[in-house]
Amino acid sequence: MSTPDLNLLVTLDVLLTEGSVARAAKRLRLSPSAMSRALARLRETTGDPLLVRAGRGLVPTPRALALRERVSQLVLEAQAMLRPAEQPDLNHLVRTFTLRTSEGFVENFGAALIARLAAQAPGVRLRFMHKPDKDSTMLRDGTVDLETGVVGKNTSPELRTQGLFRDRWIGVVRTGHGLGEGEMTPARYAAGSHISVSRRGLDKGPIDEALEPLGLQRRIVTVVAGFSTALALARSSELIASVPERHTANLRSGMHSFTLPLSLPPLTVAMLWHPRMEADPVHRWLRGCLREVCVTVPETAS
């Protein structure tokens, strides 16, 4: 059985509404002969005459009368479906968004984002998911709506990305630590006891690569998976945590932070989403809220 031409639904709707081939042709901007051919196709497809001659006019058959209301509703729904999405009514919006991000990002920006969403759309809920890797499968299959992170060579090219802020590496120690005073040099920094942060448990990263040309190497005492854990350890020990500045602003309160005496490229923290969510007005609103939060949250913490 061949697939019917769904364009005939629009033709049928107009014919049944006008009850005239000539008027239907004028409304659809077709010639009377083209409309007559369309009616012939409809009769062949439905197996019913649909409109039959009665005096000088046409009257609908029982099948046409039974179809008229259903066809009209189908055409209206199809037209609504193909229109650009309307702006959502945020006051009555009920939706849960899943964000995949690091714990540090949630701890630093999460509260401000939740507050902003609650003020504009009280029915929206956020579900934060830990980000152990850069695999984009969850964005692709819809399990995750939005993700944050540093865009790198392994980022899937199909994803949409937009920068949120630029960050830089800094050193952090507890208040009263010996590195809190005096000039910071590469040798003095490298000579301390360090915490390495790596989700994959690696011993070396960009800081170690920057030290190598200087003939220096950090003494890494422990490796942890996140910046919040590194800062918690540094707060209660003699260890040095090296973390992104803005990413950890709230977490460093009451600690001593210093600029690393190394030449390191800046970090660009971005949000990532799948192209299928690009035009969704509610998702677009969420992205805007996240951008605004990242702009307004203070860049540093004492």
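Leu74 counts as partly exposed because its relative accessibility is 43%, a value that falls between the 20% limit for buried and the 50% limit for exposed residues. The model is a predicted one. Leu74 belongs to helix 4, which spans residues 62-82. Together with Leu6 and Leu9, Leu74 makes a nonpolar patch of about 270 Å² on the surface.

The model also holds an open sheet of five strands with mixed pairing, ordered 4-3-5-12-6. Strand 4 (124-130) and strand 6 (160-167) are the edge strands; each has a single partner strand, so one side of each has no neighbour in the sheet. From one strand to the next, the twist averages 25°.

Within this sheet, strand 3 (residues 95-101) and strand 5 (residues 146-150) run parallel and are joined by two bridges. Leu99 has Leu146 of strand 5 standing opposite. In general, strands of a sheet pair through backbone hydrogen bonds, in either a parallel or an antiparallel manner.

Two helices lie across the sheet strands. Helix 5 crosses strand 3, strand 4, strand 5, strand 6 and strand 12 (267-273). Helix 10 likewise lies across strand 3, strand 4, strand 5, strand 6 and strand 12. The table gives their residue ranges and one angle for each.

| Helix | Residues | Angle to a strand |
|---|---|---|
| Helix 5 | residues 103-120 | about 175° to strand 4 |
| Helix 10 | residues 281-296 | about 50° to strand 3 |

Terms used
Residues numbered from 1 in each chain as written. Predicted model: local features only at pLDDT ≥ 70, side-chain atom pairs only at ≥ 80, totals over all residues. Heavy atoms only, no water. Patch = residues over 30% accessible without salt bridge, like charges linked within 9 Å, V, L, I, M, F, W, Y side chains within 5 Å. Areas by Shrake-Rupley, 256 points an atom, 1.4 Å probe, with all protein chains shown as cover. Salt bridge = Lys/Arg side-chain N within 4 Å of Asp/Glu carboxyl O. Helix = DSSP H or I, 4+ residues; strand = E, 2+ residues; numbered from the N terminus. Buried < 20%, exposed > 50% of the residue type's maximum accessible area, 1.4 Å probe, protein only. Pairing = 2+ DSSP bridges. Axes fitted to C-alpha atoms, helices over the stretch in contact; angles between N-to-C directions. Contact = heavy atoms within 4.5 Å.
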